[in-house]
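Let's take a walk through a protein model together. Have the sequence and the 3D view handy as you read.

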Amino acid sequence: MSSWLVYGLGFLAQGFFSARMLIQWIMSERAKKIVSPDLYWICSLIGSILLFIYGWLRDDFSIILGQLISYYIYIWNLNIKGVWPRLPMVLRAIIFCLPIAAVSLMLKDAGAFVQSFFHNEQVPMWLLIFGSAGQCIFTVRFIYQWYYSYKRHASMLPIFFWVISLVGSGIIVAYGCFRRDPVLILGQSVGFITYSRNIVIGLSNKPKAPEK
């Protein structure tokens, strides 16, 4: 596949991720508190599917790793918000099974998978570990978000979610610079503003301690 088409797919994925942040940011500003809109999770799921394919085409394990766990957390949030059950059953089955099918294809030829991803001459092992660490931190934010929301039986985006986002995003931008990957650099750099602003909004809504 043409490199331009591959990059186009990556930018499209990042477009959905940027759209989710913009939508969430605008709605939070209007509500004067951190909100978790349906469109945030819908754009997240679509972007995740596209970025998973992009990572596969780029032979980049760290990108794929970053999508595997968060993918199902997006679905969980859509389910608890009542969006997921409204989708046709066939479509739900296809979306749910996409990562499972992809991983199955990887495992079908494990030797080629290891050679392709872990012995990629364009990505030295130290850089692969560095990029994967960034993706893991970035994924941890959604594990934390899921746990936080699960305990409260509602889809929420707590302050610490945005703090983790800033840290993970910084590592991924650095990784993108080493890889000269404009998709990762541009996509993650845009998030700095919304992550920081959500932290400010969240802190401004924390109840103040009573004066003694």
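## Two salt bridges

Glu29 is partly exposed, with 29% of its area accessible in relative terms. Its side chain pairs up with that of Arg197 in a salt bridge, 2.5 Å from N to O. Arg197 counts as partly exposed too, at 32% relative accessibility. Keep in mind that this is a predicted model. Where do the two partners sit? Glu29 belongs to helix α1 (residues 3-31) and Arg197 to helix α8 (residues 182-204), so the salt bridge ties together parts that lie 168 residues apart in sequence.

The structure has two salt bridges. Besides the Arg197 and Glu29 pair, the side chains of Asp38 and Lys81 meet in one, at 3.3 Å from N to O. This pair also links distant parts of the chain: Asp38 is in helix α2 (residues 38-57), while Lys81 is in the loop between α3 (61-80) and α4 (89-108), 43 residues apart. Asp38 is partly exposed with a relative accessible area of 32%, and Lys81 is partly exposed at 27%.

## The overall layout

How many helices and strands are there in the protein? You can find eight helices and zero strands. Going along the sequence, the pattern reads α-α-α-α-α-α-α-α.

Of the 212 residues in the protein, 42% are buried. Now take the contacts with a separation of 6 or more: 75% of them are between residues 24 or more positions apart. On the outside, the protein exposes about 11400 Å², with carbon and sulfur atoms supplying 71% of that.

## A closer look at α2 and α7

Helix α2 has 20 residues, which should span 28 Å at 1.5 Å a residue, and the 29 Å between its end C-alpha atoms agrees with that. Its buried residues include Tyr40, Trp41, Leu45, Leu51 and Phe52. Small ones are on the list as well, among them Gly47 and Gly55.

Helix α7 (residues 159-179) has 21 residues and reaches 30 Å from its first C-alpha to its last, close to the expected 30 Å. Among its buried residues are Phe161, Trp162, Ile164, Ser165 and Gly168. Further along, Ile171, Ile172, Tyr175 and Arg179 are also buried. An α-helix makes a turn every 3.6 residues, so residues three or four places apart point the same way. Just after α7 comes Arg180, which has a positive phi, near 55°.

## Inside the core

Nonpolar side chains tend to be buried together in soluble globular proteins. Here, the largest nonpolar core has 30 residues, and those touching the most other members are Tyr40, Trp41, Leu45, Phe142 and Trp162. Which elements give two or more residues to this core? They are α1, α2, α3, α6 (125-152), α7 and α8. The largest share, six residues, comes from α2.

Try clicking on Trp162 in your viewer. Leaving out residues up to four places away in sequence, Trp162 touches Gln24, Ile34, Tyr40, Leu157, Tyr195, Asn198 and Ile199.

## What about the cysteines?

A disulfide is a covalent bond that joins the sulfur atoms of two cysteines. How many disulfides does the structure hold? The count is zero. Two cysteines to look up are Cys97, partly exposed at 40% relative accessibility, and Cys177, partly exposed with a relative accessible area of 45%. For a contrast, find Cys43 in α2, which is buried.

Definitions and conventions
Residues are numbered from 1 along each chain as its sequence is written. This is a predicted model: local features need pLDDT of at least 70, side-chain atom pairs count only at pLDDT 80 or more; totals for chains, interfaces and linings use all residues. Side-chain values use heavy atoms; hydrogens and water are left out. A salt bridge is a side-chain nitrogen of Lys or Arg within 4 Å of a carboxyl oxygen of Asp or Glu. Helices (H or I, at least four residues) and strands (E, at least two) are DSSP runs, numbered from the N terminus. Buried means under 20% relative accessible area, exposed over 50%, partly exposed in between (1.4 Å probe, protein chains only). The expected span of a helix is 1.5 Å times one less than its number of residues. A nonpolar core is a set of buried Ala, Val, Leu, Ile, Met, Phe, Trp, Tyr and Cys residues joined through side-chain atoms within 4.5 Å. Contact means heavy atoms within 4.5 Å. A disulfide is a pair of cysteine sulfur atoms within 2.5 Å. Accessible areas come from the Shrake-Rupley method with a 1.4 Å probe; for residues, only the protein chains shown count as cover.
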